[in-house]
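Reader: I'd enjoy a close look at one part of this model, the place where two domains of a single chain meet. Please set that part in the context of the chain it belongs to, and then of the rest of the model.

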Amino acid sequence: MAYLKLEHVKKVYTSQAGSYVALDDINFELDKGKFVVILGPSGAGKTTLLNLLGGMDSATEGEIIVDDSDIARYDKKKLTLYRRKDVGFVFQFYNLMPNLTALENVELATEICKDALDPKKVLEDVGLGDRLKYFPAQLSGGEQQRVSIARAIAKNAQILLCDEPTGALDYNTGKNVLKILYEVSKQQNKLVIVVTHNQALKDMADEVISIKNGKIESIVLNKNPKPIMEIEW
Amino acid sequence: MVMKKYDKTTFRLFKSQITRFLTLIAMIFISVSFMSGIGESQSKIQSSLTQYYQEQNIPDFILKSNSGNFTDEDIENYKQQFGEDNVLPLFNLDFEIGGKIYRIYKYDIENSQINKLELLDGEYPKSANEIVVEQKKDNLYSYEIGENVEVDLFGFKQNFTVSGIVQNPLLINKYKEPSTNYPDRSIDYVLYLSDKTMLPLPSTDIYIKIDDRTLFENYSGAYKDFIDNQVITLESNNVTVLTLYQNYGLYSLNEYAKKVGMIGVIFSVFFMLVTILVVYSSMTRLFDEERSQIACLKTLGYSSLRILSKYLLFITLVTIIGSLLAFGVATGLTNILYSTFEIQFVMPPSIETATFLNFVMIACAYILVDFFVTLFTGLNITKNKPATLLLPKAPPSGRRTLLEKIPFIWNRLSFKYKSSFRNVFLFRSRFFMTLISIIGSTILVFAGLGLLDCAIAQSELGSIEYISVFLIVFAALLCALVIYNLSNINISERRREIATLMVLGYTNREVTGYIFREIYIISIIAAILGVPLGVGFLYFLFNYISFGALSSVNWWSYVLAPIATIFFTFLSTLMLRRKITKTDMNASLKSVE
């Protein structure tokens, strides 16, 4: 059985203005060790999907099975625990605490996890061994994003959700960050999901899920993903 | 059309800042109520006193003959000097009869235009054997109407019937009326014989009023100078001169009113400082939040003043609404304080034509100060080039605190505490702003408690006791609002951090703990510092109003004030908990504004 499985997932937002179907009949299965890209133009429902996968919001209908549990049925408390244990989150704008050093920012996540990895070791792994005591403002954008990745990895969660992780970075730095994420999926056998509108990324993914107008447009399996350094945008 | 859309942003500003709007209104309301309420009490008491002086024609001089008798010739001389209608010869002496001190007056009590008595009950004497008596007070006995009183004066015994009860404007203190010829004793009964009485009593005293009844003006400086000069000419071997400065009741009432006013002024300055500080930090932080919108309007070519106009409207409305709401409470407070003086004094009828000058002045002062504080903080933002404003405000670089140099302690702290400590010191101006505001309100609460202790210790001053109680209530409310307002701002500024923590899987308790820890650290520091600073403040206050002493302050006041501050912090955080827990996690996904 796949590690992550979505079945007939639907999300409807209702407000005074009326109801709006953000996602409709979403079905897919993903396994650990995969690098997956969820692709779509803005407004397609990417963020909604990310919110559902990350346990930040609940689906209106359907099932979201993670490791044999349906998180779509979780209440707020259980969802908090899910976010704590099972998902690592990489933000477009890093979201580091400005008043904590790189190391402390990673500790921020590991202090509340049981099976966390050694924060120092993880930072060394992403190439920041000499930046442990730097504050975010003293780091470049790429370095900050690597701290953010280290924070997600160090939790030892099985799923890494990345929201436009290269969105705020320059071309080369962006590539480096993607390389790290790719290696995490392969070397640590994690499920890495990158949400982006950047078409170029689809060549490097094991699997590309394209969504449009709240529906799945296509799911493409890449037998031979291109090495990151070869793709261009 | 452009104007209309701009007005829409103004409307949205009020809508989105409704909590800030309301808490600031509440703070202005409390400060203005207290300030004008107390200030107006002093004015009201003194104006009423002045009116009473004029209406009752209270004499400015009481001449006492040392030989016990003014001759007709003496009286004629005074009449020549001050005018026929300004001189009243009378008999007035204190006697000890059966262990009690009786003060006995005899003059034309019904028709005299000088020192008019107020007839409270019954009627003035119709016959030679009727008298009126002074009404009963805390320390003064009296008789019922119709009761018989036997008076023995210089061997003349006579029986009188009480026909009426009066109030003498010279005897308004309820606790004490010192006897003139029995030192250290207070008089027990006051009897007024009419001039129909046959007893041949000499003119022991002469009441003199000065022509210019406006000079008095609640013991004005000009009045004092005038009186002092006259006393020198009037005093002689045979004549002792008493002035209204020696009248126990009137003078002490005026002094207490002044004391109340002084307490009001000192505390008002403090209230105002705290309030302005909070307005300043609220507006500074509001401008930070609205930075991108201001930038946007600037790029569109709006002038700085046009952009700031809605914030100026915001703060002016806050101040006007707060002040208008304060008006009712201030008036109520004035009336209550006025009536608390009735514990100790027979209060003159209160003047109806109050000017509300205090209120108008204080409200205007707040409107102006708030307006300019907002204008200057706003100009500080709008003076930047739009390009600068469009960039998010550079996040402050993390800084190491002094505590980190002590690894023994620092390494033992969990990152949560590390972060809180760093944050507290990272945003130094914000930290000091918050700290000073909370210290200020802690001092106010402490001073209120201290003043209450002394007032209670000196039970004579009932009115100061009441003022202290009001002070404590208002200071406590202000303290709670300061903390609530600053915590509220803190939360809206840190929505992104809160959302990030929630995405990282922090529980509600952990997130609220993370945010509130800082507020608690500041409150605890403020509460601790507030006590010694409050002691200094009280020392100054006691000296200034020459009332009270630090030794009379109970130990629990030292404990209660900081506890109150911490309690209000707890209450504020309790009320603001929901605001944190319902934060939208999507805030973490958006770009920095």
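Author: Gladly; what follows starts with the domains, moves to a helix pair, and then widens to the chains and a few single residues.

A word on conventions: residues count from 1 along each chain as its sequence is written, while chains are lettered from A and ligands numbered from 1 in the order in which they are written. The model is predicted, with local features needing pLDDT of at least 70 and side-chain atom pairs counting only at pLDDT 80 or more, whereas totals for chains, interfaces and linings use all residues.

Chain B is split into domain 1 (1–58 + 244–394), domain 2 (61–243) and domain 3 (427–593), with bounds that come from an automatic or database domain assignment. The part to look at is where domain 1 of chain B meets domain 3 of chain B. Their C-alpha centres are 20 Å apart. In this meeting, 34 residues of domain 1 of chain B are in contact with 32 residues of domain 3 of chain B, contact being defined as C-beta atoms, placed from the backbone, within 7 Å.

On the domain 1 side, α2 (18–55), α5 (248–289) and α7 (304–340) of chain B each provide at least two of the residues that touch domain 3 of chain B. Helices here are DSSP runs of H or I with at least four residues, strands are runs of E with at least two, and both are numbered from the N terminus. The largest share of that side comes from α5(B), with 17 residues. Sorted by class, the side of domain 1 of chain B that touches domain 3 of chain B holds 22 nonpolar, eight polar and four charged residues. (Nonpolar covers Ala, Val, Leu, Ile, Met, Phe, Trp, Tyr, Cys and Pro; charged covers Asp, Glu, Lys and Arg; the others, Gly among them, are polar.)

Now follow α7(B) to a helix pair. Its axis and that of helix α13 (residues 462–493) of chain B come within 8 Å and cross at roughly 150 degrees. Axes are lines fitted to C-alpha atoms, for helices over the stretch in contact, with angles between N-to-C directions running from 0 to 180 degrees. The crossing therefore makes α7(B) roughly antiparallel to α13(B); that label applies over 145 degrees, with roughly parallel under 35, roughly perpendicular from 65 to 115, and oblique for the rest. From α7(B), the contact involves B:L333, B:L337 and B:T340, and from α13(B) it involves B:G462, B:S463, B:Y466, B:I467 and B:F470. By class these are five nonpolar, three polar and no charged residues.

Stepping back, chain B as a whole has 16 helices and 10 strands. Its radius of gyration, at 33 Å, is well over the 25 Å that the globule rule gives for 593 residues, so chain B is more spread out than a compact globule. That radius is taken over C-alpha atoms, and the rule is 2.2 Å times the number of residues to the power 0.38. Along its principal axes the C-alpha trace of chain B spans about 105 × 60 × 45 Å.

B:Y182 makes a useful landmark. It sits in the loop between β7 (156–167) and β8 (189–193) of chain B, and its C-alpha atom is separated by 58 Å from that of B:S523, 341 residues away along the chain. B:Y182 counts as partly exposed because it has 13 C-beta neighbours inside 10 Å; buried takes 20 or more other C-beta atoms within 10 Å, exposed 12 or fewer, and partly exposed lies in between, with C-beta atoms placed from the backbone. Beyond its neighbours within four places in sequence, B:Y182 is in contact with B:D94, B:E96 and B:I101.

Chain B also meets chain A: 27 residues of chain A are in contact with 25 residues of chain B. In chain A, α2 (76–85) and α3 (102–110) each supply at least two residues to that side, which is made up of 13 nonpolar, eight polar and six charged residues. Chain A has six helices and 10 strands, and its radius of gyration of 17 Å agrees with the value near 17 Å for a compact globule of 233 residues.

Definitions and conventions:
Two residues are in contact if their C-beta atoms, placed from the backbone, lie within 7 Å.
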